[in-house]
Amino acid sequence: MYLVHVSLHAPAGPAELPEGARELLLAAAVAEEGIEHVSVHAGAVPRPVLGVFVLADGLEDAEERARAFCRRAVALAPGLAGWRVQGAQAPLVAAFYERLLAGPGPAGRNGPGTIPST
């Protein structure tokens, strides 16, 4: 399973996603796409982002499935008229873990240094 972030672009200037956007989107899912879950991050900057969890054989396939699903879902949902898919890609989380390891705290599994013996 892959998590793909799909950015949405508002029809004209700043706009908010409608209430129930997640349900509107999921109503368009078909089993063959492997869409397992959708989360809506309406306050993401600079534009809203959908977290689409996709069952796929590889990353490229997952990104394409998420992109196609979102394009179709946005086109079909009356509450999303004029919105469009800006991009779809798997998020990189390496920077988060690098910050976690470099942060303050004792040496060990979650910090730099050797792992203390137990």
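Q89 lies in strand β4. This is a predicted model, and Q89 is one of several residues followed below. The model holds an open sheet of 4 strands in the order β2-β3-β1-β4, with helix α2 packed on that sheet. A search of the whole structure finds 4 salt bridges, three of which are described here.

**Q89 in strand β4**

- Q89 has a relative accessible area of 53%, which makes Q89 exposed because the cut-off for that class is over 50%.
- Along the sequence Q89 and H5 are 84 residues apart, yet their C-alpha atoms are 5.5 Å apart in space.
- Leaving out residues up to four places away in sequence, Q89 touches V4, H5 and E63.
- One of these contacts, E63, is among the buried residues of helix α2.

**The sheet**

- The pairing of the 4 strands is antiparallel.
- β2 and β4 are the edge strands, and each of them pairs on one side only.
- On average, neighbouring strands of this sheet are turned by 25° against each other, with direction ignored.
- Between β2 and β3 the antiparallel pairing runs over 6 bridges.
- Within this pairing, V38 stands opposite V52 in β3.
- Helix α2 packs on the sheet and touches β1, β2, β3 and β4.
- The direction of α2 makes about 40° with that of β1.

**Helix α2**

- Helix α2 covers residues 59-76.
- At 1.5 Å a residue, the 18 residues of α2 should span 26 Å, and this agrees with its end C-alpha atoms, which are 26 Å apart.
- The buried residues of α2 are A62, E63, A66, R67, F69, C70, A73 and V74.
- These buried residues pack against β1 (2-9), α1, β2, β3 (49-54) and β4 (84-89).
- An α-helix has 3.6 residues a turn, so residues three or four places apart point the same way.

**Salt bridges**

- Side chains of opposite charge can pair when their charged atoms come close.
- Which side chain meets that of R65 in a salt bridge? The partner is D61, at 3.1 Å from N to O.
- R65 and D61 are separated by about one helical turn because they are 4 residues apart in helix α2.
- R65 is partly exposed, with a relative accessible area of 25%, and D61 is partly exposed too, at 30%.
- Another salt bridge joins the side chains of R22 and E23, at 3.5 Å from N to O.
- R22 counts as partly exposed at 30% relative accessibility, and E23 counts as partly exposed at 47%.
- A further salt bridge forms between E33 and R72, with the closest N and O atoms 2.7 Å apart.
- The E33 and R72 pair links distant parts of the chain, the two residues being 39 residues apart.

**E33 and its surroundings**

- Where does E33 lie? The place of E33 is in the loop between α1 and β2.
- Is E33 buried or exposed? E33 counts as buried at 10% relative accessibility, because the buried class is under 20%.
- R72, the salt-bridge partner of E33, is in helix α2 and is partly exposed, with a relative accessible area of 28%.
- The side chains of E33 and R72 are also joined by a polar contact of 2.7 Å.
- Not counting residues up to four places away in sequence, E33 touches A28, V54, L55, R65, A68, F69 and R72.
- Among these contacts, F69 is one of the buried residues of α2, while R65 takes part in the salt bridge with D61.

**L24 in helix α1**

- L24 lies in helix α1, which covers residues 21-26.
- With a relative accessible area of 28%, L24 is partly exposed.
- L24 and A73 are 49 residues apart along the chain, and their C-alpha atoms are separated by 7.5 Å.
- A73 belongs to the buried residues of α2.
- With residues up to four places away in sequence not counted, L24 touches P18, A77 and G79.

Terms used: Residues numbered from 1 in each chain as written. Predicted model: local features only at pLDDT ≥ 70, side-chain atom pairs only at ≥ 80, totals over all residues. Heavy atoms only, no water. Buried < 20%, exposed > 50% of the residue type's maximum accessible area, 1.4 Å probe, protein only. Expected span 1.5 Å × (residues − 1). Contact = heavy atoms within 4.5 Å. Polar contact = N/O pair within 3.5 Å; in protein donor to acceptor, adjacent residues only side chain to side chain. Pairing = 2+ DSSP bridges. Axes fitted to C-alpha atoms, helices over the stretch in contact; angles between N-to-C directions.
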